[in-house]
Amino acid sequence: RRQRAVDEQLAQQRQQQERDAAVRAENCSRARAHLAALGEGQRMTRTKPQGEREVLDDKGRAEEMQRFRPVIASDCR
């Protein structure tokens, strides 16, 4: 019984690790695509807390790039 309980716990841990890895891979993919779009100079907007759209200027692009670099560093291993 103990071994079965240990095996079930290990299986649950493996499943959680697989789910976490899938989430990290998706975050990595999105962050890289967003960073590439920012670098290409595409017109980009972001939504303000009030719901208004704001077109990003060079400063806004730089801020967005800085925001996504840590995501890439942590999720793209």
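**Figure 1. The whole chain follows the pattern α-β-β-α when read along the sequence.** Welcome to the overview of this predicted model. The secondary structure of the protein amounts to 2 helices and 2 strands. With a radius of gyration of 19 Å, well over the 11 Å that the globule rule gives for 77 residues, the protein is more spread out than a compact globule. Its C-alpha trace spans about 60 × 30 × 15 Å along the principal axes. Of the 77 residues, 19% count as buried. Contacts between residues at least 6 apart in sequence are also worth a look: 43% of these join residues at least 24 apart.

**Figure 2. Helix α1 crosses helix α2 at roughly 150°.** Two packed helices are described by the angle between their axes and the distance between the axes. Here, the axes of α1 (residues 2-40) and α2 (residues 58-75) come within 9 Å. Angles over 145 degrees count as roughly antiparallel, and α1 and α2 are therefore roughly antiparallel to each other. Their crossing is left-handed.

**Figure 3. A closer look at the residues where α1 meets α2.** On the α1 side, the contact is made by Arg24, Asn27, Cys28, Ala31, Arg32, His34, Leu35, Ala37, Leu38 and Gly39. Their partners in α2 are Arg61, Glu64, Met65, Phe68, Val71, Ile72, Ser74 and Asp75. By residue class, the contact of α1 with α2 divides into 9 nonpolar, 4 polar and 5 charged residues.

**Figure 4. Met44 sits in the loop between α1 and β1 (45-47).** Met44 has a relative accessible area of 13% and is buried, since the cut-off for buried is under 20%. Setting aside neighbours within four places in sequence, Met44 is in contact with His34, Ala37 and Leu38, and also with Glu54, Val55, Leu56 and Arg61. Of these partners, His34, Ala37 and Leu38 belong to the α1 side of the helix contact, and Arg61 to the α2 side. For a distance to check in your viewer, try Met44 and Asp57: they are 13 residues apart along the chain, and their C-alpha atoms are separated by 8.6 Å.

**Figure 5. Glu64 is a buried residue of helix α2.** The relative accessible area of Glu64 is 6%. Not counting residues up to four places away in sequence, Glu64 touches His34, Leu38, Arg46 and Leu56. Three of these names may be familiar from the previous view, as His34, Leu38 and Leu56 are also among the contacts of Met44. Glu64 itself is one of the α2 residues that meet α1.

**Figure 6. Arg1 lies in the segment before α1.** At 85% relative accessibility, Arg1 counts as exposed, the cut-off being over 50%. Arg1 and Gln16 are 15 residues apart in sequence, with 23 Å between their C-alpha atoms.

**Figure 7. Ala36 is found in helix α1.** Ala36 counts as partly exposed, at 38% relative accessibility. From C-alpha to C-alpha, Ala36 and Gln15 are 32 Å apart in space, and 21 residues apart in sequence.

Methods
Residues numbered from 1 in each chain as written. Predicted model: local features only at pLDDT ≥ 70, side-chain atom pairs only at ≥ 80, totals over all residues. Heavy atoms only, no water. Axes fitted to C-alpha atoms, helices over the stretch in contact; angles between N-to-C directions. Helix = DSSP H or I, 4+ residues; strand = E, 2+ residues; numbered from the N terminus. Parallel < 35°, antiparallel > 145°, perpendicular 65-115°, else oblique. Left-handed = near helix turned anticlockwise from the far one by under 90°. Contact = heavy atoms within 4.5 Å. Nonpolar A, V, L, I, M, F, W, Y, C, P; charged D, E, K, R; others polar. Rg over C-alpha atoms; globule rule 2.2 N^0.38 Å. Buried < 20%, exposed > 50% of the residue type's maximum accessible area, 1.4 Å probe, protein only.
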